[in-house]
Amino acid sequence: MTILTKGVSPAPSTGVRCPILGTPVKSTRMLVTFEFPMTPDTTSAIPTTAPDAVTFRCPEISDGVRLWEIAKNSQVLDLNSSYAYLLWCRDFSRSSVVAVSEGSPVGFVTGFIRPESPDTLFVWQVAVDSSQRGKGIAAKMLDELMYRLAADGVTRLETTISPDNEASIALFTALARRRGVEISKQELFAPGDFPDGHEAEDLFTVG
Ligand SMILES: CC(C)(COP(=O)(O)OP(=O)(O)OC[C@H]1O[C@@H](n2cnc3c(N)ncnc32)[C@H](O)[C@@H]1OP(=O)(O)O)[C@@H](O)C(=O)NCCC(=O)NCCS
């Protein structure tokens with residue numbers, strides 16, 4: 001395992017309310033909004049009701065199509081079936097987040113709590129619409145998710161990243177820095193583990 005960085009200052013986060021684990025997701029809606037653009041290391045958001053504000057909330061089934069579209073348009077992510085995104089919005093809503101602008105998701109993080117490790121959020125996919133990148137939206141989504149799940153005892157994040165995805169490595173390295181924790185990397189899936197010429201996926205652990 002390689003320790004990549006050790007952060008220095010944990011970032012306070014702002015709250016997004018979502019249903020507690022095991023409760024229906026139907027009535028979840030955003031309670032706090034934030035004004036953008038924000039610098040990626042901004043840690044105190046400005047509550048606002050401005051119409052062009054980006055808001056954060058748990059995904060709902062009706063967001064599934066948009067998540068699928070954002071993943072497809074990224075041309076980087078593995079595109080899963082549309083069914084997978086709908087199911088994720090139903091069953092893993094609390095461990096996922098969408099960033100919403102003008103009523104429509106412009107970014108998402110899908111994740112789940114590892115059954116063998118209840119203190120660990122595994123982030124499956126992160127994507128921000130190309131028109132909205134560089135505004136700190138992905139960073140804020142991760143901050144919100146970790147803040148929300150801290151109430152469930154989640155202290156650590158795992159994700160896998162292919163070696164050439166510099167944006168993703170930078171995103172999670174910055175998260176570790178804001179939280180004041182280490183980020184480490186180890187091999188997880190080698191190309192030979194896949195049936196289709198997929199790149200390697202290294203496991204990154206934050207915290
Ligand atoms: C990766 C991605 C989600 C970043 O979204 P974003 O909202 O633009 O990212 P942010 O503005 O919140 O930036 C967060 C950090 O990542 C860094 N970063 C973002 N994009 C970067 C890029 N292309 N190259 C290098 N660093 C980048 C930022 O500088 C920032 O770090 P800092 O705080 O040290 O400055 C977005 O580029 C994307 O959707 N890419 C396609 C899908 C993908 O690769 N997903 C990740 C694999 S699951």
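These are my notebook entries on the helices, the helix contacts and two loop residues of a predicted model.

**Entry 1: overall make-up**

I began with the secondary structure and found that the protein has four helices and nine strands, which follow one another along the sequence as β-β-β-α-α-β-β-β-α-β-α-β-β. I then looked up burial, and 37% of the 207 residues count as buried. For the contacts with a separation of 6 or more, I noted that 64% join residues 24 or more positions apart.

**Entry 2: H1 and H2**

I listed the buried residues of H1, which spans 64–74, and these are Gly-64, Arg-66, Leu-67, Trp-68, Ile-70 and Ala-71; their cover includes H2, S5 and strand S6, the last at 120–128.

In H2, residues 82–91, I found Tyr-85, Trp-88 and Cys-89 buried. These three lie on the same side of H2, because the arc they cover around the axis is only 95 degrees. I recalled that an α-helix has 3.6 residues a turn, so residues three or four places apart point the same way. The partners against which the buried residues of H2 pack are helix H1 and strand S5, the latter at 104–113.

Turning to the geometry of the pair, I saw that the axes of H1 and H2 come within 8 Å and cross at roughly 130 degrees, and H1 and H2 are therefore oblique to each other. The crossing in which H1 passes H2 is right-handed. On the H1 side of the contact I noted Gly-64, Val-65, Leu-67 and Trp-68, which meet Ser-82, Tyr-85, Leu-86 and Cys-89 of H2. By class, the residues of this contact are six nonpolar, two polar and no charged.

**Entry 3: H3 and H4**

I next took helix H3, residues 137–150, and helix H4, residues 166–179, whose axes are 10 Å apart and which pack at an angle of about 50 degrees. H3 and H4 are therefore oblique to each other, and their crossing is right-handed. From H3 I recorded Ala-138, Ala-139, Leu-142 and Asp-143, which meet Leu-171, Ala-174, Leu-175 and Arg-178 from H4. This contact of H3 with H4 divides into six nonpolar residues, no polar ones and two charged ones.

I looked more closely at Ala-139, found in helix H3, and counted Ala-139 as buried because 24 other C-beta atoms lie within 10 Å, where 20 or more are required. Ala-139 and Leu-175 stand 36 residues apart in sequence, yet their C-alpha atoms are 6.8 Å apart in space.

**Entry 4: positive phi in two loops**

I went on to backbone angles, bearing in mind that most residues other than glycine have a negative phi. Which residue just after H1 takes a positive phi? I found that Gln-75 does, with a phi of about 55 degrees, and that Gln-75 lies in the loop between H1 and H2. I put Gln-75 down as exposed, because 8 other C-beta atoms lie within 10 Å and the cut-off for exposed is 12 or fewer.

Glu-102 also went into the notebook, with a positive phi of about 50 degrees although it is not a glycine. I located Glu-102 in the loop between strand S4, at 97–101, and S5. Is Glu-102 buried or exposed? I recorded Glu-102 as exposed, because 9 other C-beta atoms lie within 10 Å.

Conventions. Residues numbered from 1 in each chain as written. Predicted model: local features only at pLDDT ≥ 70, side-chain atom pairs only at ≥ 80, totals over all residues. Arc of directions from axis to C-beta. Contact = placed C-beta atoms within 7 Å. Axes fitted to C-alpha atoms, helices over the stretch in contact; angles between N-to-C directions. Parallel < 35°, antiparallel > 145°, perpendicular 65-115°, else oblique. Left-handed = near helix turned anticlockwise from the far one by under 90°. Nonpolar A, V, L, I, M, F, W, Y, C, P; charged D, E, K, R; others polar.
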